[in-house]
Amino acid sequence: MAATRSSEFGDLVQIKKQLISITAQCKERGLVHSVKWASELAFSLETLPLNEIPPPLELTEEDAQDLDALCLAKSYFDLKEYDRAAYFLRGCRSQKAYFLYMYSRYLSGEKKKDDETVDSLGPLEKGQVRNEALRELRVELSKKHSAGELDGFALYLYGVVLRKLDLLKEAVEIFVAATHALPLHWGSWLELCNLITNIEMLKSLSLPDCWVRDFFMAHMYTELQMIKEALQKYQSLMEAGFAKSTYIISQIAVAYHNIRDIDQALYLFNELREQDPFRIENMDTFSNLLYVRSMKPELSYLAHNLVEIDKYRVETCCVIGNYYSLRSQHEKAALYFQRALKLNPRCLGAWTLMGHEYMEMKNTSAAIQAYRHAIEVNKRDYRAWYGLGQTYEILKMPFYSLYYYRKAHQLRPNDSRMLVALGECYEKLSQQVEAKKCYWRAYSVGDVERMALLKLAKLHEQLNESDDAAQCYIIYIKDIFSCGEQLEHAEVSTALRYLGQYYFKNRLYDEASLCAQRCCDYNDAREEGKALLRQISAVREQGEPSSTDLSLPCVFNPLSNNTTPVRRVSPLDLSSITP
């Protein structure tokens, strides 16, 4: 089947025809997710006139001979009677029948494995049950592959079998071959996504030059946390003619969720629900955003709405779990995440969220198991690595923590939370230089929780590096006041107390007095502030002059009520500790 080049999105009519054609082919083979993807994409394009609609697929001589068996088997397949479908397809010779025969055997094994897994699934059990059909399927498909008899669909199935047997290198090669043999089948691209671990590996692959490749690259950039590149790619796809695609809108929303641009992500998810009100995919991600924002009424409405649509969907269970978690009903939340995993043991989000709930319940061993399951499903899940780091931190095992935090940091190099966690680990291991690097880097990349500078200042304080500590406290206070936020009052007062004493020791009495006055605004620092003011008065009464040492860091004036700075702040030399 011809495919347009990735740079040529001009011929949308041709693309629409290809989507209609691949939808029909996937439908015949029971590849429901690929059918849905292609159908949603086709729906977002202009309707074709009657004379442009592609004709039904042509039958080969072998197809005609297998037609009755294929129709009967497909009816059983649709009813999930996979063994029965395979039984009536044995001996059929057409490519279509061969694929459905092998696929039925594969799904039969998966169904039996899932049934056993459900029976054994508990928070501490690994549930490692194998699909017994995989080895036989691999032997048979391998022979056909060596003889060059596998079409694009059969190559896709061969790749899935290899992946399930953990033969990942061979699986990548087969999926690449499948994309070349049948570039329009989205399932092959998606399987390939799950096996690519880094950008170098992505660049090394020889992929077909087809318009579907652009969708794959955008998806891949999102998975590899290259959000800027992903958003650019999706933007160009929308401009190319896919502006109405709910798939693209959902992917952009997920991308914004990944970079914690919560407002933009919420806006897009609300837009998505207006266009597709009965949609359930990605609603678990939407509920994560509502959870982070503590939007209880909206999360409650979403949960009720999804229960009405389909209460036995993985995403619905995750949304309800998030709702109970927000209400601090952690046992109930864990119960719903377990229910999600009974429906789909490979649900990444449910394993990670269940880990969080066990952490809340102080059940660290169960949390570790849940996070490990999440990593088995997807090694790129930074939340699970981070969760493991936190769990081992609670267990006071800093070397373990450091390993897992490093993994999380590799996946999210510009996430300040990972850097702060790493810094804390290094501090516990008395590796102060590394800790300083981490805290400063966390501040440089945009400190989400406004903790990095404080921790850096306190570390300098412990090491008796008073000038550096003062400089960090000054920058911290400037940042808090410039944002108009005074959320962490205790921490602001900590900074002011230190600076007051620092200036007093260095005989900068004006600055010390200013900090002491501001300490009086905070309950926990009021007494110390008043005591410092008394000390300053006593010193001044004795006629001791103020120092004029300009090399010492001094606070900017957002602390005072007029607009002239007390003194220019001297730049802090962090060249020695900046990574």
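Glu-465 and Lys-436 join their side chains in a salt bridge, with an N to O distance of 3.1 Å. Glu-465 sits in the loop between helix H25 (452–462) and H26, and Lys-436 sits in helix H24 (residues 432–444), so the pair ties together parts 29 residues apart in sequence. The two partners differ in cover: Lys-436 is buried, at 9% relative accessible area, whereas Glu-465 is partly exposed, at 25%. The model is predicted.

**Salt bridges**

Side chains of opposite charge can pair when their charged atoms come close. The whole structure holds 25 salt bridges. Three of them are set out below, including the opening pair.

| Pair | N to O distance |
|---|---|
| Glu-465 and Lys-436 | 3.1 Å |
| Arg-497 and Glu-528 | 3.3 Å |
| Arg-29 and Glu-28 | 3.8 Å |

Arg-497 and Glu-528 also link distant parts of the chain. Arg-497 belongs to helix H27 and Glu-528 to helix H29, 31 residues apart. Glu-528 is partly exposed, with a relative accessible area of 42%.

Arg-29 and Glu-28 belong to a network of salt bridges that also takes in Lys-96. Arg-29 is buried because its relative accessibility is 7%, under the 20% cut-off. Glu-28 counts as partly exposed, at 30%.

**Cavity**

Rolling a probe the size of a water molecule over the atoms shows where empty space is left. Here, one cavity of 30 Å³ or more turns up. The volume of the largest cavity is about 40 Å³. Which residues line the largest cavity? They are Arg-497, Gln-501, Cys-519, Glu-528, Gly-529 and Leu-532. Two elements give two or more residues each to this lining: helix H27 (489–505) and helix H29 (526–541). H29 supplies the largest share, three residues. Both partners of one salt bridge, Arg-497 and Glu-528, appear in the lining.

**Nonpolar core and surface patch**

The largest nonpolar core has 185 residues. Trp-211, Phe-215 and Phe-216 have the most contacts inside it. Helix H26 (residues 466–482) gives the most to this core, with 10 residues.

On the surface, Leu-72, Tyr-87 and Phe-88 make a nonpolar patch of about 270 Å². Phe-88 lies in helix H4 (residues 82–89). Is Phe-88 buried or partly exposed? Phe-88 is partly exposed, with a relative accessible area of 34%. That value is over the 30% that a patch residue needs.

Notes. Residues are numbered from 1 along each chain as its sequence is written. This is a predicted model: local features need pLDDT of at least 70, side-chain atom pairs count only at pLDDT 80 or more; totals for chains, interfaces and linings use all residues. Side-chain values use heavy atoms; hydrogens and water are left out. Patches are made of residues with over 30% relative accessible area and no salt bridge: like charges are joined within 9 Å, nonpolar side chains (Val, Leu, Ile, Met, Phe, Trp, Tyr) within 5 Å. Accessible areas come from the Shrake-Rupley method with a 1.4 Å probe; for residues, only the protein chains shown count as cover. A salt bridge is a side-chain nitrogen of Lys or Arg within 4 Å of a carboxyl oxygen of Asp or Glu. Helices (H or I, at least four residues) and strands (E, at least two) are DSSP runs, numbered from the N terminus. Buried means under 20% relative accessible area, exposed over 50%, partly exposed in between (1.4 Å probe, protein chains only). A nonpolar core is a set of buried Ala, Val, Leu, Ile, Met, Phe, Trp, Tyr and Cys residues joined through side-chain atoms within 4.5 Å. On a 1 Å grid over the protein atoms alone, a cavity is a set of points where a 1.4 Å probe fits but cannot get out, and a pocket is an open set with protein on both sides within 12 Å along at least five of seven lines; lining residues have an atom within 4 Å of a point. Grid points are joined across faces, edges and corners, and a volume is the space filled by probe spheres set on the points.
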